[in-house]
Amino acid sequence: MTEEQTNVPDASAEENGNEEEILQWNVAAEDNKQRLDKYVTESIEGDVSRSQIQLWIEQGHVTVNGRTVKANYKLSAGEQVEVRVPQPESVDIVAEDIPLEIVYEDADVIVVNKPRGMVVHPAVGHSSGTLVNALMFHCKDLSGINGELRPGIVHRIDKDTSGLLMAAKNDKAHASLSAQLKDHSVSRIYNALVRGNIAHTHGTVEANLARDPHDRKMYTVVQAGGKHAITHFNVLERFGDYALLELKLETGRTHQIRAHMKFIGHPLVGDPMYGRSGGIKMQGQALHAASLGFTHPTTGERLEFSAPVPADMEELLTYLRSR
């Protein structure tokens with residue numbers, strides 16, 4: 001059985017602009033007899049400790065087949081685990097004077113070049129040092145559609161992925177940018193350094209993605225179910241045992257590029273989850289959101305932005321070219 005997570009927004013919470021996150025998993029055969037607290041800790045994204053999960057279980061935020069059980073409950077294959085992530089009793093996201101590389105800004109939108117290592121928005125156990133903390137200090141006027149923990153955030157990129165990201169400064173802009181993401185009219189192009197010599201100069205990976213049943217923090221290609229995902233690639237440079245790619249997203253699934261590249265046998269250099277074997281080292285995956293294009297929510301003008309790869313990635317490319 002393939003275990004899969006779904007996210008179910010709470011309608012009443014969404015109307016109040018503070019959407020409650022509901023996570024659901026169907027227990028796979030491989031997880032039969034696993035403790036509930038361990039299962040949820042390994043499944044949930046973000047820095048959430050096992051003791052925090054145990055508290056949620058005790059408070060009734062975690063159910064199995066609709067009923068509350070103890071943290072040491074042994075799961076059975078086919079059971080449904082649901083977590084209603086509790087909203088903070090008081091949200092106190094502090095504006096922090098963190099330097100930002102601002103590529104573009106007006107009254108509606110801000111585009112930044114996010115450094116590798118920066119988390120996009122606060123989460124349980126991680127409330128400072130994020131892009132949101134920095135944006136709150138700089139902007140003072142972010143859209144509230146995504147709630148108090150994620151003001152202005154329309155989309156996100158992984159902590160260890162660098163590059164361009166847009167945020168909305170009012171609700172009208174947020175709605176417009178979200179709609180463009182949904183209808184795939186936002187242009188997103190990435191640069192990635194991958195292992196191996198790709199046989200084709202260009203191609204497309206069209207393969208559905210779902211939670212990996214063996215490691216639920218990861219995603220894997222599945223033959224049935226999952227979410228439709230398409231990644232187009234072009235080879236920019238070859239280095240024998242490595243290649244620099246340009247990748248264009250047609251869909252925007254979690255870990256899409258990382259999972260698709262692993263699937264075709266060319267994982268990203270430095271990827272701690274999808275490229276664990278040897279080779280040249282890098283702190284975080286060699287993945288950079290190099291280009292971003294969208295239609296301005298007020299003027300209707302098409303805007304296109306680009307950002308060069310960060311210094312550490314450029315140094316790696318220089319080394320490979322000189323070998």
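Two residues are in contact here when they have heavy atoms within 4.5 Å of each other. With that in hand, take V194: leaving out residues up to four places away in sequence, V194 touches D241, Y242, A243, L245, M261, H266, P267, L268 and V269. Keep in mind that this is a predicted model.

**The overall picture**

The protein has 323 residues, and 47% of them count as buried. Its secondary structure comes to seven helices and 15 strands. Among contacts with a separation of 6 or more, 64% are between residues 24 or more positions apart. As for the outside, the accessible surface is about 15200 Å², and carbon and sulfur atoms account for 48% of that.

**Two cores**

V194 also turns up in the largest nonpolar core, which has 39 residues. The members that touch the most others in this core are L135, Y190, V194, L245, L247, I257 and M261. Another core lies apart from it, with 20 residues, including W25, Y39, V69 and V85.

**Helix α6**

Two of those well-connected core members, I257 and M261, are also on the list of buried residues of α6, together with Q256, R258, A259 and H260. Helix α6 covers residues 256-263, and because six of its eight residues are buried, it is largely enclosed by the rest of the structure. Right after α6 comes G265, with a positive phi of about 85 degrees.

**One cavity**

How many cavities of 30 Å³ or more does a search of the whole structure find? The answer is one. The largest cavity has a volume of about 40 Å³. Its lining is made up of H155, I157, L164, R188, Y190, A289, S291 and L292. Strands β8 and β14 (287-295) are the elements that give two or more residues to this lining, and β14 supplies the largest share, with three residues. By type, the lining residues are five nonpolar, two polar and one charged. Y190 is a name to remember, since it is in this lining and is listed among the core members with the most partners.

**Around the start of β8**

S187 sits in strand β8. Buried or exposed? At 13% relative accessibility, S187 counts as buried. Beyond its neighbours within four places in sequence, S187 is in contact with K248, S291, L292, G293 and R302. Two of these partners, S291 and L292, also line the cavity.

H184 is in the loop between α5 (171-182) and β8 (187-195). This residue touches E250 and T251, not counting residues up to four places away in sequence. H184 and G252 are 68 residues apart in sequence, yet their C-alpha atoms are 8.7 Å apart in space.

**Two loop residues with positive phi**

Most residues other than glycine have a negative phi. K33 goes the other way, with a positive value near 75 degrees, and N65 has a positive phi of about 50 degrees without being a glycine. K33 is found in the loop between β2 (21-26) and α2 (36-43), while N65 is in the loop between β3 (62-64) and β4 (80-85).

Here is how some of the residues above compare in relative accessibility:

| Residue | Relative accessibility | Class |
|---|---|---|
| K33 | 57% | exposed |
| N65 | 46% | partly exposed |
| H184 | 46% | partly exposed |
| S187 | 13% | buried |

K33 counts as exposed because its 57% is over the 50% cut-off.

How values were computed: Residues numbered from 1 in each chain as written. Predicted model: local features only at pLDDT ≥ 70, side-chain atom pairs only at ≥ 80, totals over all residues. Heavy atoms only, no water. Buried < 20%, exposed > 50% of the residue type's maximum accessible area, 1.4 Å probe, protein only. Helix = DSSP H or I, 4+ residues; strand = E, 2+ residues; numbered from the N terminus. Areas by Shrake-Rupley, 256 points an atom, 1.4 Å probe, with all protein chains shown as cover. 1 Å grid on protein atoms, 1.4 Å probe; cavity = no way out; pocket = protein on both sides within 12 Å on 5 of 7 lines; lining within 4 Å. Points joined across faces, edges and corners; volume = space filled by probe spheres on them. Nonpolar A, V, L, I, M, F, W, Y, C, P; charged D, E, K, R; others polar. Core = buried A, V, L, I, M, F, W, Y, C linked by side-chain atoms within 4.5 Å.
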